[in-house]
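Grab a pencil and work through these exercises with the model open beside you. Each task comes with a solution that goes step by step.

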Amino acid sequence: MMKKRKTLLALSIVIGLMGICTACGEKETVEEESSATVIAVEECSSGDGAKITTDFTQAQLYYKCLNTLEALRQLSGSVRIRNGANSDTITQGTFAFDFTADQYQAEVNYLDAAEETICLQTNTYYNTGGTVTSLYDYYGAKENTYTVDGNGATMNGVTFANAVVAADASVQSIGESNLYATLGQDPTNAHELAGCFVPQEMTLGYLENFENWEITGTMEVQGRTCAIVTGTAEPDYGSRFDVTTFEILVDQETGIWMQYEGYDEVGEVVDYIYTQDIQFGEEATAVEAISDAVTQGYAFEENTASIVAE
């Protein structure tokens with residue numbers, strides 16, 4: 001664990017993607033139960049005034065991680081992602097969502113993993129009321145293009161079960177219909193950045209088997225009270241990224257992954273999600289209206305996907 005902490009500290013200093021502060025003005029009291037599946041935290045206000053859940057169970061955390069879209073009404077921040085030691089690119093970008101007005105914008109940069117100062121491609125997305133304008137910058141590789149899609153997803157296409165999960169509930173008693181309560185298309189369109197704010201795939205991959213992980217305490221991250229989750233990866237899933245063990249800092253209120261590190265068999269970080277400046281609700285960065293000039297210098301392309309080759 002010491003090696004992991006040192007690695008995290010070094011990365012945090014270099015890339016500035018980890019901020020820790022106190023949201024409540026005083027440190028939480030953490031009480032570990034004998035089962036290690038429940039932690040109790042002193043009730044206090046989160047950054048947007050909501051109350052932190054007490055007696056947090058594995059089942060509750062699992063449910064929240066599968067249903068983070070409930071928290072995306074207004075959200076902004078930046079994120080840096082690497083998908084395994086063998087990945088050729090590192091994804092870094094910023095986002096601002098306001099689905100109270102069906103608006104979002106996101107910028108996604110694909111960095112060369114071998115030389116991170118080199119940006120291979122930038123995708124920029126603008127959504128206004130379901131119309132998505134996507135800009136693709138190729139940095140000399142080929143002509144820059146843009147597309148316009150009038151069928152972009154909005155929050156109107158997402159529904160939620162909003163189930164109330166008891167503190168002593170098990171995954172079996174919650175039921176599959178509640179665990180998979182988020183229905184409809186991911187409305188953000190910034191799927192390359194979605195590991196932190198829509199972590200459903202990784203939640204199923206790492207957290208579906210409750211015997212493989214535990215909640216070990218809480219930590220303040222960017223003013224949010226986060227559950228510290230540590231565990232061992234299922235070989236079938238973890239081997240895709242050379243991950244043997246992992247640690248996740250999960251925002252207790254929303255299930256959003258504020259930070260994730262996957263470690264190989266010798267404890268080195270090979271897979272990660274680092275976030276910075278995550279803001280919720282009225283504190284989130286306002287989404288700017290798209291200007292008519294934004295597509296100048298880009299060639300129009302008829303809804304053809306443009307992504308960096310794996």
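Are Tyr-237 and Phe-241 buried or exposed? Keep in mind that you are looking at a predicted model.

**Solution.** Both Tyr-237 and Phe-241 are buried. The cut-off to apply here is under 20% relative accessible area.

**Exercise 2.** Classify the ring pair Phe-97 and Phe-99, then do the same for Tyr-237 and Phe-241.

**Solution.** Start with what you need: a pair of aromatic rings is described by the distance of the centres and the angle of the planes. With centres within 6.5 Å as the rule for a pair, the count comes to 15 aromatic pairs. Take Phe-97 and Phe-99: their centres are 5.9 Å apart and the planes make 35°, a tilted pair. Phe-97 and Phe-99 are both buried. Now Tyr-237 and Phe-241: the centres lie 5.5 Å apart with the planes at 65°, so this pair is edge-to-face. Finally, zoom out: Tyr-237 and Phe-241 belong to one aromatic cluster, together with Tyr-206, Phe-246, Trp-257 and Tyr-260.

**Exercise 3.** Find what sits over the rings of Tyr-138 and Phe-280.

**Solution.** Over the ring of Tyr-138 you'll find the charged end of Lys-142, 4.6 Å from the ring centre. For Phe-280, the residue over the face is Arg-224, at 3.8 Å from the ring centre.

**Exercise 4.** Place strand β13 among its partners.

**Solution.** First, locate β13 at residues 257-263 and check its burial: seven of its seven residues are buried. Next, look at β12 (residues 245-251), which pairs with β13 in the antiparallel sense over six bridges. Within that pairing, Glu-247 has Glu-261 of β13 as its bridge partner. The β12 and β13 hairpin has five residues between the strands, and Gly-255 there takes a positive phi near 85°. Then turn to β14 (residues 269-280): β13 and β14 are antiparallel too, over five bridges. Here Tyr-260 stands opposite Ile-273 in β14. The hairpin of β13 and β14 also has five residues between the strands, with Gly-267 at a positive phi near 90°.

**Exercise 5.** Which residues does Tyr-298 touch, leaving out those up to four places away in sequence?

**Solution.** Begin with the address: Tyr-298 is in the loop between β14 and β15 (299-300). Its contacts are Leu-135, Tyr-136, Asp-137, Asn-144, Thr-145 and Tyr-146. Pick Tyr-136 to see the jump in sequence: Tyr-298 and Tyr-136 are 162 residues apart along the chain, yet 8.2 Å apart C-alpha to C-alpha. Last, go to Asp-137, whose side chain makes a polar contact with the side chain of Tyr-298 at 2.9 Å.

Notes
Residues are numbered from 1 along each chain as its sequence is written. This is a predicted model: local features need pLDDT of at least 70, side-chain atom pairs count only at pLDDT 80 or more; totals for chains, interfaces and linings use all residues. Side-chain values use heavy atoms; hydrogens and water are left out. Rings of Phe, Tyr and Trp (its six-membered ring) pair if their centres lie within 6.5 Å; planes under 30 degrees apart count as stacked, over 60 as edge-to-face and the rest as tilted. Buried means under 20% relative accessible area, exposed over 50%, partly exposed in between (1.4 Å probe, protein chains only). A charge sits over a ring if NZ of Lys or CZ of Arg is within 6 Å of the ring centre and within 35 degrees of the ring normal. Helices (H or I, at least four residues) and strands (E, at least two) are DSSP runs, numbered from the N terminus. Two strands pair if DSSP finds at least two bridges between them. Contact means heavy atoms within 4.5 Å. A polar contact is a pair of N or O atoms within 3.5 Å; within protein, one must be able to donate a hydrogen and the other to accept it, and residues adjacent in sequence count only if both atoms are side-chain atoms.
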